[in-house]
Amino acid sequence: MKIPFAGAIDCDLHPAVPDVAALMPYLDPFWREHLAERYIDQSPFTLASYAPQLPHAVRHDWRPQKGVPGADLDALRRHALDAFGTRLAIANVLHGAVALFNADMAAALCTAVNKWLAREWLDREPRLRASILVPPQDVDLAVAEIERCASDRRFVQVLLLVMGDRPLGHRTYWPIYRAAEKHGLTIGVHAGSTFRHAPTGSGWPSYHLEDSVLQATAFEDTLVSFLAEGVFQKFPGTKLVLMESGFSWLPTLLWRTNRSWRGVRTEVPWIDRPPADIVRDHVRFTLQPLDVPDADVLNRIMDHVRSDELILFSTDYPHWQFDGDDVLPEGLSDAMLRKILIDNPLATYPRLGAAAVADRTRAAMREELPP
Amino acid sequence: MNKPVTEQQVKTAQKLGFVDCDIHPVQRSPKDLYAYLEQRWREHIENFGGHLCQGLAGQLPFPRMMASGMRADAYPSNGGPPGCDLELMQRQHLDLNGCATGMMICLSRGGMEERNLEFGAALAHAVNDWQIHDWVEKDRRLKAGVVVPQEYPEFAAREIDARAAENAAFRQVIISPRSIEPLGRRKYWPIYEAAARNNLVLGLHPAGNPNGHPSSGTGWGTYYMQEHYTFGTSMIGNVVSLISEGVFERFPGLKVAMIESGFSWAPSLGWRMDKQWQRMRKETPHLKRPPSEYLREHFWFCTQPMEEPENPADIHDVLDWIGWDRLMFSSDYPHWDYDDPDVALNFKMTEEQRSAIMRDNATALYRLS
């Protein structure tokens, strides 16, 4: 269905870097020369999970005449921000730097992407907020990039791909979570793989269809990793947002981890209460792509997870998840829609909540002023 | 937690004469197989031993909980591991609970994960002999599964044909879901062809020994809690593969039993597959129907470890979605997370529904009556 009221907060859309040339002004002379010399500046840096020819990579009526989908700010305004009456939107740039093996090159490119995003998108469009792209190849460099960006309050989240070198709860990554907690940034884990490992425990499937369907299992294993490693106990301020994960698998995860925890808790003694309660306190899920077939199932799943605070509105622009303006599922109450579209996002991202309070204060002050 | 089960009243499960779809017999030692192995392979065991894709010899890389992953009271007093003593299994489980039929799943020493293919074939052949002579012939309630190394499909197909012709106690084919390629890939089709032509179910049970791939697309976990969760997620990878590759278009009679892999994930998987397939169906023109229909038609599921929603009644939604004719009771005896047939299904249901899960669904799938 259409969005019934204005002011939604879109928690996942995707501006794209058109090419490496666009990043050149934001790279230092060494990397400019180095990338040019090796012709790396001519590489697309497209993640295989989102290769532009794939059917879900771009909605047909959002596909640009030429160039990379998502690279045009005016198109994003028209298709996503204006079309859905969006008040704030979180930009997640899915850039191939994170799949390189050379961590220094990856870090230089991530920094360039973040600088490019701040200058060419956030400066020009006040409705946009952004995630910090970090090089997961080297946690020290990732933390340095978080520290560099953190003073810009328009960055609200740290962006990681769900399939990388190791399950993301591993303590290797804890400095990232420590920095995120310190600065009031959420941890945003997005679908996609660097294909360091086969997508299944039994090796490499044949079809793109399988890779897409199996993203959800990677989110499950990632969430179990965060739980088992005790990330939420070590960094109690952590908010984890799973993006393009779907959520119809969540009841299974809550039930299975609650049960297995009773048997394995001596192995993971830091899990001090049922895992389902921890998930409900710390983990959120973006709406699109919706993985339920109808309103009846959706409402049953909502009952199974026993919370109306878990889902965050997203369009996933320009990926193809729905047609026309049919961005919301049927069958949700107005109260639930308001939570998904506005309240849950504000409660999830500390930096959005703070901005909203500031907005309200300014509005109140304006109203108090004499005409 | 580890109190022995000794004397109890006749249980309600006993009245039903239930079918247990997951029982694990094991050899007291490799020597139990010597009678069924050529001299060459007996010497191979003594001089080389198994060759697996893992860093530890003689133990699992994710150590299990509780007494090596076993019921502590299931260790026989005369030595050997739990599951090696038929008399104890009868006393503790088959007789005590009134089990009418037990499907044996032989995990270790079946050669499924063995890197040396000929050795794996010899082990599988020996374990299949051993199941009949040491178990089925001593207790007719027990049914066997033809264990075959999936990475050696030519041998596997021959072994399946031979066993199906030899003894009707073989009711299914057991391969490791920790295969080197996803199970739908062409390489494995001779196994499915043989299973289908002999009217045998394909039984998939999580395997402890890895295959060289991490258990998850996210990489290796740290804790057994994570490894345990992948029993479901890694199985989903194989379900998606079997369906996407068109195995069920090619072998429409093939039926798959998912053992110890959960079942509440199946509806969500069906919805997700259908949605993605709508977008991408030109990639898999060999699929004639929405993927969820193959899932609904060709897969059966076992209960243990029983899914326990926070609100027990929610399990009804799951069973309505997957079908009350698709879930089969399993105990996992003698493993540590064994489910007692009397208490495992702790939600309200009709007698007919209980009979279906405890007995009738398995009876129909495995043609037991």
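Between which strand and which helix of chain B does the loop with B:R109 lie? Select B:R109 and you land in the loop between strand 2 (101–104) and helix 5 (117–136) of chain B; helices (H or I, at least four residues) and strands (E, at least two) are DSSP runs, numbered from the N terminus. Its phi is near 60°, a positive value in a residue other than glycine. B:R109 counts as buried because 21 other C-beta atoms lie within 10 Å. The cut-offs are 20 or more other C-beta atoms within 10 Å for buried, 12 or fewer for exposed, and partly exposed in between, with C-beta atoms placed from the backbone.

Before going on, a word on what is loaded. This is a predicted model, where local features need pLDDT of at least 70 and side-chain atom pairs count only at pLDDT 80 or more, while totals for chains, interfaces and linings use all residues. Residues are numbered from 1 along each chain as its sequence is written, and chains are lettered from A, with ligands numbered from 1, in the order in which they are written.

**Chain B**

Now colour chain B by secondary structure: you should find 13 helices and eight strands. The C-alpha trace spans about 60 × 50 × 45 Å along its principal axes. Of the 369 residues of chain B, 56% count as buried.

Next, show the strands alone. All eight form an open sheet in the order 1-2-3-4-5-6-7-8, with parallel pairing; strands pair if DSSP finds at least two bridges between them. At the edges are strand 1 (19–23) and strand 8 (327–328) of chain B, each paired on one side only. Zoom in on strand 4 (residues 170–175) and strand 5 (residues 201–204) of chain B, a parallel pair with four bridges. There, B:I174 has B:G203 in strand 5 as its bridge partner.

Two more stops in this chain. B:Y333 and B:P334 are joined by a cis peptide bond, omega about 5°, and B:P334 sits in the loop between strand 8 and helix 13 (351–365) of chain B. Past helix 13 comes B:R367, with phi near 50°, another residue other than glycine with a positive value. B:R367 is exposed, since 11 other C-beta atoms lie within 10 Å.

**Where the chains meet**

Select the contact between the chains: 60 residues from chain A and 59 residues from chain B (two residues are in contact if their C-beta atoms, placed from the backbone, lie within 7 Å). On the chain A side, helix 7 supplies the largest share, 16 residues.

**Chain A**

Which residues of helix 10 (residues 275–282) of chain A are buried? Pick A:P275, A:A276, A:I278, A:V279 and A:H282. These residues lie on the same side of helix 10 of chain A because they cover an arc of only 160° around the axis, the arc being that of the directions from the helix axis to the C-beta atoms. Among the elements covering them are helix 7, helix 9 and strand 7 (283–286) of chain A.

Move to A:D19, in the loop between strand 1 (8–13) and helix 1 (20–23) of chain A. Measuring C-alpha to C-alpha, A:D19 and A:S43 are 7.8 Å apart in space and 24 residues apart in sequence.

Finish at A:Y317 and A:P318, joined by a cis peptide bond with omega about 0°. A:P318 has its place in the loop between strand 8 (311–312) and helix 12 (334–348) of chain A.
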